[in-house]
Every structure is written in C-alpha cells, then in structure tokens.
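The following paragraphs go through the structure step by step, beginning with a single residue and moving outward from there.

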Amino acid sequence: MTVRVSEADFDIAAECRRLVEADRDVGAVVTFTGTVRETTARGKLRAMTLEHYPGMTERELERVEAEAAKRWPVQASLIVHRIGELKPGDNIVLVVVASAHRHAAFEAASFIMDYLKTDAPFWKKETLVDGSGAWVDARESDTQARDRWRT
Amino acid sequence: MTVRVVYFAWVRERIGRSDETIEFPADVKTVADAIRWLSTRGPEYEAAFARPDVVRAAVDQTHVPHDTSITGARELALFPPVTGG
C-alpha cells in the first residue's frame, strides 16, 4: 500500500506493472484516473491549482487505503494525487487496486475514490481563460457517494 | 493555551496568512469557540468565518466536528470542505 502526493505526473502503465511484478498472484488490476476538465460551470478553464494539507493528506490517504484493505482482499494498492498547477487534460489523481479477482478490485477502487473525495484535504482553485479565479465548491453528491459505503 | 492555527484555500486567502501561533484565552474550549474568538480579530477574520457552519476543522491533523475540545491540541486547521480527486 502506497500513497504519493506530488507535482509530477504519473505513468499509469508503469505503476500497474510494478504492482503486478511485486505479486504474481494478482489476477485483477483496476485503475481510476481523474483528469482536469476544460469546461467548467463558470466558463473555459485555463489552469487548475491544487492545494493540500501536507502531513494530514498522507495520513488520510493511508487511512482510506487501510480501510479498503480491511473490507476487501486487496493485494496491493496505490494512490497518487497531484498538487500545484495543472492544465486541462492533465492527470490529477490515480488509484490502482490489485486483487486476485475483479470484484474486490473494482469495489475497493470505487471506495477509495469516494472517501478520497470527501476526506482527503485537497482544494481546487480554477483559473479561467478570462483570468478570473474561484475555489471549487464541494458537492453534496460526493458526500452521498461516500455515505453509501456506511450501510 | 498556545495552538498553531493553519488555514487553507479561501479561508487562508481571506485571512491573508497560512498559519500563526495563537494564545487562546481560557474560555475558548472548543473548535466552535476558537472560530468565534478568531472572527473578532479583524475584518479579514470576520470575512473568513462569516459562515462558520461551512468551515471544516482538523485537530492535530484529524477531521473533527465543531464541538470538539481543543484542550491539549498542538495544531488546529480551519478550511473549506475539501475538493480533491
């Protein structure tokens, strides 16, 4: 289980390969990649700046990974979240979950993303092509997505 | 009680600083008390905490509700709801 917060981009294929090579009993690898959308509710995006809470971010991501591993037979997992200034089309977040079978990998990856959205201390600020800037509002639908795992 | 207070996103921008060390008076016992007390420090704090219900908090890097005690806390973080991923 690994978490990484970095300005650098990630290589999805290389990350997947690393997880499988470390454990040859992996039979399913699920990846989720979040990317920067160009069209926002306010207009066309020029850049997205991601701020985070160093220390707490890593703790929260590790906690979510550990919780997923308690619920499903996860053999390996990785969360990479980028910070700093990103452009439309850039990668923001990568979640990789490896398991023996697909169901556990799909579910665990979905669980990790839902909790990451509501619990990991990241904040997005959008700068539009006209130069105006605004912080992204949190979505109630993200809280609902997380809470469905609590039943 | 001395606590390092850290701010993020628009809370940080409105206050105009990312962190400070605050000596809270003895009657400030909870996160809600701390927010109330901080909002009296000037117009920038008042603007940041105009809607305290929107502000989220972490004590020593763990999410907490506003009725949580800050007694013994080393670090109090105040920030908007998170928007990562």
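In this predicted model, B:F79 is a convenient place to start: 21 other C-beta atoms lie within 10 Å of its own, and because the threshold for a buried residue is 20 or more, B:F79 counts as buried. The residue belongs to strand β5 of chain B. Leaving aside residues up to four places away in sequence, B:F79 touches B:Y7, B:F8, B:A9, B:V11 and B:R56, and also A:P121 from chain A. B:A48 is 31 residues away from B:F79 along the chain, and the C-alpha atoms of the two are separated by 9.4 Å.

The strand that holds B:F79 is part of an open sheet of five strands in chain B, ordered β2-β1-β5-β3-β4 with mixed pairing. At the edges stand β2 and β4 (62-64) of chain B; each has a single partner strand, so one side of each is left without a neighbour in the sheet. From one strand to the next, the twist averages 30°.

Strands of a sheet pair through backbone hydrogen bonds, and the pairing can be parallel or antiparallel. Both senses involve β1(B). Strand β1 (residues 2-7) of chain B runs antiparallel to strand β2 (residues 19-23) of chain B, and five bridges join them. With β5(B), β1(B) pairs in the parallel sense over four bridges. B:R4 illustrates both pairings, standing opposite B:T21 in β2(B) and opposite B:E75 in β5(B). B:V6, in turn, has B:A77 of β5(B) opposite it.

The contact of B:F79 with A:P121 leads to the question of how the two chains meet. How many residues does each chain bring to the contact? Chain B gives 14 residues and chain A gives 21 residues. On the side of chain B that touches chain A, α1 (9-15) and β5 (75-79) of chain B each supply at least two residues. That side of chain B consists of nine nonpolar and five polar residues, with no charged ones.

Chain A has an open sheet as well, with four strands in the order β1-β4-β6-β2 and mixed pairing. Here β1 (2-6) and β2 (28-35) of chain A are at the edges, and each has a single partner strand, so one side of each lacks a neighbour in the sheet. The average twist from one strand to the next is 10°. The partner of β2(A) is strand β6 (residues 91-99) of chain A, paired in the antiparallel sense over eight bridges. Within this pairing, A:G34 has A:V93 in β6(A) as its bridge partner.

Two helices pack on the sheet of chain A. Helix α2 (residues 56-71) of chain A touches β1 and β4 (74-82) of chain A, and its direction makes about 155° with that of β4(A). Helix α3 (residues 102-119) of chain A touches β2, β4 and β6 of chain A, and its direction makes about 145° with that of β6(A).

Helix α3(A) also meets another helix. Its axis and that of helix α4 (residues 140-147) of chain A come within 8 Å and cross at roughly 135°, which makes α3(A) oblique to α4(A). The crossing is left-handed. The contact brings A:D114, A:Y115, A:K117 and A:T118 of α3(A) against A:D142, A:T143, A:A145 and A:R146 of α4(A). Of the residues in this contact, four are charged, two are polar and two are nonpolar.

Definitions and conventions. Residues are numbered from 1 along each chain as its sequence is written. Chains are lettered from A and ligands numbered from 1 in the order in which they are written. This is a predicted model: local features need pLDDT of at least 70, side-chain atom pairs count only at pLDDT 80 or more; totals for chains, interfaces and linings use all residues. Two residues are in contact if their C-beta atoms, placed from the backbone, lie within 7 Å. Ala, Val, Leu, Ile, Met, Phe, Trp, Tyr, Cys and Pro count as nonpolar, Asp, Glu, Lys and Arg as charged, and the others, Gly among them, as polar. Two strands pair if DSSP finds at least two bridges between them. Axes are lines fitted to C-alpha atoms, for helices over the stretch in contact, and angles run from 0 to 180 degrees between N-to-C directions. A residue is buried if 20 or more other C-beta atoms lie within 10 Å of its own, exposed if 12 or fewer, and partly exposed in between; C-beta atoms are placed from the backbone. Angles under 35 degrees count as roughly parallel, over 145 as roughly antiparallel, 65 to 115 as roughly perpendicular and the rest as oblique. A crossing is left-handed if the near helix is turned anticlockwise from the far one by less than a right angle, and right-handed if clockwise.
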